[in-house]
Amino acid sequence: MTLLFLLLLGLITYFIVQRGVASSTTTPVWVLWLVMMTPAFVWTVWIETAPEDQPPPLALTIGLFVICSLLYLYLIQLGRIRSPEESPSASPPSEEPAATPTLPPAQLNPDEEKQLQQCFPWSDYALHQTEYRGQVIVCRGQLRTESAKAYQTVQAKIKAVFGDRFLIVFQEGFEGKPFFALIPNSEWNATPSEDAKKRQQMQPLIAFGLLLFTLLTATVVGAVGFNELPPELADNSSQLWQNLHLLASGLPYAIALVTILGTHELGHYLMARRYKIKVALPCFIPIPFFVGTLGAFTQIRSPIPHRRALFDVQISGPLAGLAVTLPVLCWGLSHSEVISWSEETSLFNINSLNPTATFLLAILSKLALGDRLILDRALDLHPVAIAGFLGLAITAVSLIPVGQLDGGRVVHAMFGQRTAMVIAQITRLLILVLAFVRQEFLWWAIFLLLMPVGDEPALNDVTELDNARDMLGLITLAILVMIIVPAPVTLIQWLYG
């Protein structure tokens, strides 16, 4: 199982590196991948060779974390692609939007430069200088009114002059001075090809087919892995298919899990459609082992207009998924078997689950089982409870405030991109420390170590949220803490004593 996790982690890491930084550096992707995977390789060797109850040394863990992170950033900067127009004194990449090498240079002629200057009214945004950063036109000045009003005014004037030639980004700068950036729009004057139109027409069929296939793989896993079929059937697929009523025993697990994942992604999808953001239908990733699926995803295909939309789109998924996960988990817990505590009892052992392992799990387990659950008892989870438990874990992972995870983007919307990157670094360290308290979180720490701390800005990335959204974001982060933090001893004694 450890090697399987390492393989999946390696594939995910390669995808993240390829999509995240390959276009902005000449350093080979495999070198960056190897640096990022080094801690995972070392920790895996330790887990496989060291005694079971002996965690990796703290100095080794933190040392690998720091050294590999710094080396990763150094290699990216060493091979950073510079265009002819970019000056040696260019600001750090975090300040300027990344250039798109496939687009033609975005040079303006003298008449267009004069027209651009007239798009910045002095009463809204006093323009001081215009400069080229590769293919990006950066406009710096002084904000003189509310950020939302300034962005709407400047955006409208630029669109009136240049049409859809540019994406207009309003982003945080150093010393509290926001700047505008004009990025060439890859869809300007572009007409979809026939192949692109056919792929778009086929997308609903593909999404529906993946849904059915995921239901099938999750049903097989639920029947074979979680319902304890006779060994002669579990090891013989032909006999299993001849006994469809036994295969159907995995349906409750499959339906519960697919419903949780689907509701999460539908939350993102429907909220994106509300803001008229281009978005693809949710797609599942089926696998015929593990838990039957690698999850689901929703691809956003156009820029997010502002931080309010970013917040709403990203938080709607975890909240919608949690609204389904909690009742499913409570029902499954109420039908689970209470067993004696053993040495194998832990947070992630579905056959001997520690119901007091985390704050929220301790409360839900007691609510579902009542007096049947006392101290020094464990749970043999019902298949539906397994689906609910996985849903809770998926919600927790998605809410972690790091990078492109839902939680990372929610924090970005609440506090801004720069502060969100600082919070992401602190979160990665806290999860790493938690892994020493609960070794089950070691894989979470490795996964977060390999994930970039930044994400793409919204078009208007300056205007802050209202108080209601800030409060909802804080409540959601509090739910994350309740999901992963160990239950206090006083709470356990009060509930189970």
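**View 1. Helices H11 and H12 make a right-handed crossing.** This close-up comes from a predicted model, and it starts where helix H11 meets helix H12, residues 359–369. The two axes come within 8 Å and cross at roughly 55 degrees. That angle makes H11 oblique to H12, because it falls outside the ranges for roughly parallel (under 35 degrees), roughly perpendicular (65 to 115) and roughly antiparallel (over 145). If you would like to pick out the side of H11 in the contact, select Leu326, Leu329, Cys330, Leu333 and Ser334. Their partners on H12 are Leu360, Leu364, Ser365, Ala368 and Leu369.

**View 2. Helix H10 packs against helix H11.** Here we stay with H11, residues 307–334, and bring in H10, residues 251–274. Two packed helices are described by the angle between their axes and the distance between the axes. For H10 and H11, the angle is about 155 degrees and the axes are 7 Å apart. The two helices are therefore roughly antiparallel to each other, and their crossing is right-handed. Which residues of H10 make the contact? They are Ala256, Thr259, Ile260, Thr263, His264, Gly267, His268, Met271 and Ala272. On H11, the residues in contact include Asp312, Val313, Gln314, Ser316, Gly317 and Pro318. Ala320, Gly321, Val324, Thr325 and Val328 of H11 are also among them.

**View 3. Arg274 belongs to helix H10.** Is Arg274 buried or exposed? With a relative accessible area of 58%, Arg274 is exposed, because the cut-off for that label is over 50%. A handy pair of residues to display together is Arg274 and Ala309. They are 35 residues apart in sequence, while their C-alpha atoms are 9.3 Å apart in space.

**View 4. Five residues form one aromatic cluster.** Its members are Phe120, Tyr125, Tyr151, Phe170 and Phe180. The count for the model comes to 9 aromatic pairs. One of them joins Phe120 and Tyr125, a tilted pair with 5.9 Å centre to centre and 45 degrees between the planes. Both partners are buried: Phe120 has a relative accessible area of 6%, and Tyr125 has 0%.

**View 5. Phe170 and Phe180 form a stacked pair.** Let's zoom in on two further members of the cluster. What are the distance and angle between the rings of Phe170 and Phe180? The centres are 4.2 Å apart, with 15 degrees between the planes; the pair counts as stacked because the planes are under 30 degrees apart. Phe170 lies in strand E3 (residues 166–171) and Phe180 in strand E4 (residues 179–184), so the pair ties together parts that are 10 residues apart in sequence. Phe170 counts as buried at 0% relative accessibility, and Phe180 is buried with a relative accessible area of 0%.

**View 6. Arg140 lies over the face of Phe179.** In this view, look for the arginine above the ring. Arg140 is 5.2 Å from the ring centre of Phe179.

**View 7. The whole chain holds 18 helices and 8 strands.** Finally, here is the setting for the close-ups. Of the 497 residues in the chain, 48% are buried. Consider the contacts between residues at least 6 apart in sequence: 71% of these join residues at least 24 apart.

Conventions
Residues are numbered from 1 along each chain as its sequence is written. This is a predicted model: local features need pLDDT of at least 70, side-chain atom pairs count only at pLDDT 80 or more; totals for chains, interfaces and linings use all residues. Side-chain values use heavy atoms; hydrogens and water are left out. Rings of Phe, Tyr and Trp (its six-membered ring) pair if their centres lie within 6.5 Å; planes under 30 degrees apart count as stacked, over 60 as edge-to-face and the rest as tilted. Buried means under 20% relative accessible area, exposed over 50%, partly exposed in between (1.4 Å probe, protein chains only). Helices (H or I, at least four residues) and strands (E, at least two) are DSSP runs, numbered from the N terminus. A charge sits over a ring if NZ of Lys or CZ of Arg is within 6 Å of the ring centre and within 35 degrees of the ring normal. Axes are lines fitted to C-alpha atoms, for helices over the stretch in contact, and angles run from 0 to 180 degrees between N-to-C directions. A crossing is left-handed if the near helix is turned anticlockwise from the far one by less than a right angle, and right-handed if clockwise. Contact means heavy atoms within 4.5 Å.
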